[in-house]
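This report looks at charged pairs, cysteines, and the nonpolar surface and interior of a predicted model. Please keep the sequence and the structure in view while reading.

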Amino acid sequence: MFFHSHHAVPPHVQTMSAQGTLLSRDFILLFCLSLCSNGHIAVFYCFEQWLEGIAVSANWRGMLISSMFVMVLFLRPPASFLLLKGGRLQALALSTAVLAVVMLAYIWAPAADVIPYVLALRVLQGVAIAVQSSCITSVLVNCIPPGQSARGFALFSLTVLLPYSIIPALSEKILLPALHGSEPRLFALTSVLAFISLLLVIPLAPRLRQVELTSTPKDSAGENDGDKALWDSVRHSGLLCIFFACLCFSIMTVLAIFFMKGLCSLTGNQPSSFFSTYTLTIILIRLLTSKRLDEMPQHSVSFACAFVLALCMLGFAWGPQWAFIPIACLYGLGIGLLYPLLASLVYNRSTPVTRSFNSNMMMSSFDASGMLAPLVGGLVIHAGFGYRGVFTATAVSVTLCSLWILLDWLRFRTTQQKGFTK
């Protein structure tokens with residue numbers, strides 16, 4: 001562990017998962033619930049192209065894509081803190097129900113004034129995802145046994161990858177004119193996943209009712225000691241560089257997801273091949289290396305992965321058509337290792353008290369990328385650089401990620417030499 005708190009860990013924070021196995025009942029239920037939830041996001045891989053098809057300008061396309069992530073970004077931190085004290089069962093059930101309604105509502109998107117209508121749906125979806133994902137993360141971190149953080153996050157990240165390996169390929173068939181499909185109908189179909197999620201909430205109810213952080217008696221000044229201890233631990237975690245690395249890394253992935261279909265319209269490649277290839281590669285990498293991830297030198301491997309991903313982005317933009325699938329495999333390899341290692345750094349530098357909050361702060365950096373990346377992509381296209389310019393920007397972003405990782409390693413090495421334990 002890189003970080004040790006000066007505060008004692010309250011007994012009520014200790015969880016049963018610390019003594020159990022990784023693949024517990026609650027972990028599997030959370031896995032399935034998150035899998036359904038991420039299906040609502042994966043289906044929007046064609047969102048930018050749909051907006052272009054209905055004559056929405058490039059700047060507005062970027063704004064509409066990012067609007068959902070703006071809501072998630074600003075609501076996740078307060079939601080994650082408040083949910084530590086209870087109410088997760090009701091919050092998870094309500095947010096999941098809202099997601100079902102929002103996805104269905106895309107069917108009735110009007111031909112006129114489509115921008116305010118879609119913007120309202122994206123805002124509601126962002127609110128629901130912020131609450132839902134905060135509930136899931138706050139329970140997840142207490143289901144992962146000590147010493148298995150990288151493996152736990154690696155396996156759980158499959159809940160993001162599996163939808164992207166299935167939904168784009170399946171959606172391309174649904175969207176074929178012969179099947180009379182359309183993007184709004186496709187979005188509405190995923191509301192079925194929300195109803196499945198509601199069923200999964202039922203067996204998770206006992207875990208969701210548990211309170212992670214109880215309020216301590218207030219002192220004479222009226223200050224809550226438990227809250228003060230939490231914030232003090234968060235401020236001194238030394239994770240700022242890792243959060244920035246996560247931000248730059250995720251900007252790359254968001255741009256690749258939302259603008260790959262546009263790039264393929266120029267290069268002649270199939271977007272479904274990209275999603276299927278890289279996600280299947282990640283799944284294979286995670287399954288083969290999950291037991292070894294916690295033994296890897298985290299900083300050096302993370303730095304190397306970020307550098308390789310920068311080359312992949314340039315390869316997608318400017319490489320020959322025959323190299324598309326090999327580059328997608330290499331891209332999957334880089335992501336397959338980088339994300340769980342960054343998540344493990346956050347986990348290992350957190351105490352049991354701050355682990356849930358710090359993990360949600362890491363997720364907030366991903367939310368920020370969802371807000372920033374589409375705006376950057378829209379501006380690049382509006383400036384006339386096209387889709388190749390967007391992917392060149394992704395190479396710059398993931399290069400910055402490698403620099404933040406290097407800076408964090410230098411900081412950690414310096415504190416070790418000075419005799420401090422971070």
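## Charged pairs

Arg 25 and Asp 26 are joined through their side chains in a salt bridge, with a distance of 2.9 Å from N to O. Asp 26 counts as buried, because its relative accessibility is 11% and the buried class covers values under 20%.

A second pairing links the side chains of Arg 61 and Glu 48, again as a salt bridge, at 2.9 Å from N to O. Arg 61 belongs to helix α3 (residues 58–83) whereas Glu 48 belongs to helix α2 (residues 47–53), so this pair ties together parts that are 13 residues apart in sequence. Both Arg 61 and Glu 48 are buried. When the whole structure is searched, two salt bridges are found.

## Cysteines

How many disulfides does the model contain? The count comes to zero, where a disulfide would require a pair of cysteine sulfur atoms within 2.5 Å. Cys 32, for instance, takes part in no disulfide, the nearest cysteine sulfur being that of Cys 36 at a distance of 7.2 Å; with a relative accessible area of 30%, Cys 32 is partly exposed.

For Cys 248, the closest cysteine sulfur is in Cys 401, and the separation of 6.3 Å is too far for a bond. Cys 248 counts as buried, with a relative accessibility of 8%.

## Nonpolar surface patch

On the surface, Phe 303, Val 396, Leu 400, Leu 403, Leu 406, Trp 409 and Leu 410 make a nonpolar patch of about 590 Å². Helix α16 (residues 386–417) gives the most to this patch, contributing six residues. Phe 303, by contrast, is placed in helix α13 (residues 298–318), and at 33% relative accessibility Phe 303 counts as partly exposed.

## Nonpolar core

Turning to the interior, the largest nonpolar core has 123 residues, and those with the most contacts inside it are Phe 47, Phe 249, Phe 274, Phe 316, Tyr 331 and Phe 391. The largest share of this core comes from helix α11 (residues 240–267), which supplies 18 residues.

Which residues does Phe 274 contact, leaving aside its neighbours within four places in sequence? Phe 274 is in contact with Ala 256, Met 260, Phe 316, Phe 324, Ala 328 and Tyr 331. Two of these partners, Phe 316 and Tyr 331, are also listed among the core residues with the most contacts.

Terms used:
Residues are numbered from 1 along each chain as its sequence is written. This is a predicted model: local features need pLDDT of at least 70, side-chain atom pairs count only at pLDDT 80 or more; totals for chains, interfaces and linings use all residues. Side-chain values use heavy atoms; hydrogens and water are left out. A salt bridge is a side-chain nitrogen of Lys or Arg within 4 Å of a carboxyl oxygen of Asp or Glu. Buried means under 20% relative accessible area, exposed over 50%, partly exposed in between (1.4 Å probe, protein chains only). Helices (H or I, at least four residues) and strands (E, at least two) are DSSP runs, numbered from the N terminus. Patches are made of residues with over 30% relative accessible area and no salt bridge: like charges are joined within 9 Å, nonpolar side chains (Val, Leu, Ile, Met, Phe, Trp, Tyr) within 5 Å. Accessible areas come from the Shrake-Rupley method with a 1.4 Å probe; for residues, only the protein chains shown count as cover. A nonpolar core is a set of buried Ala, Val, Leu, Ile, Met, Phe, Trp, Tyr and Cys residues joined through side-chain atoms within 4.5 Å. Contact means heavy atoms within 4.5 Å.
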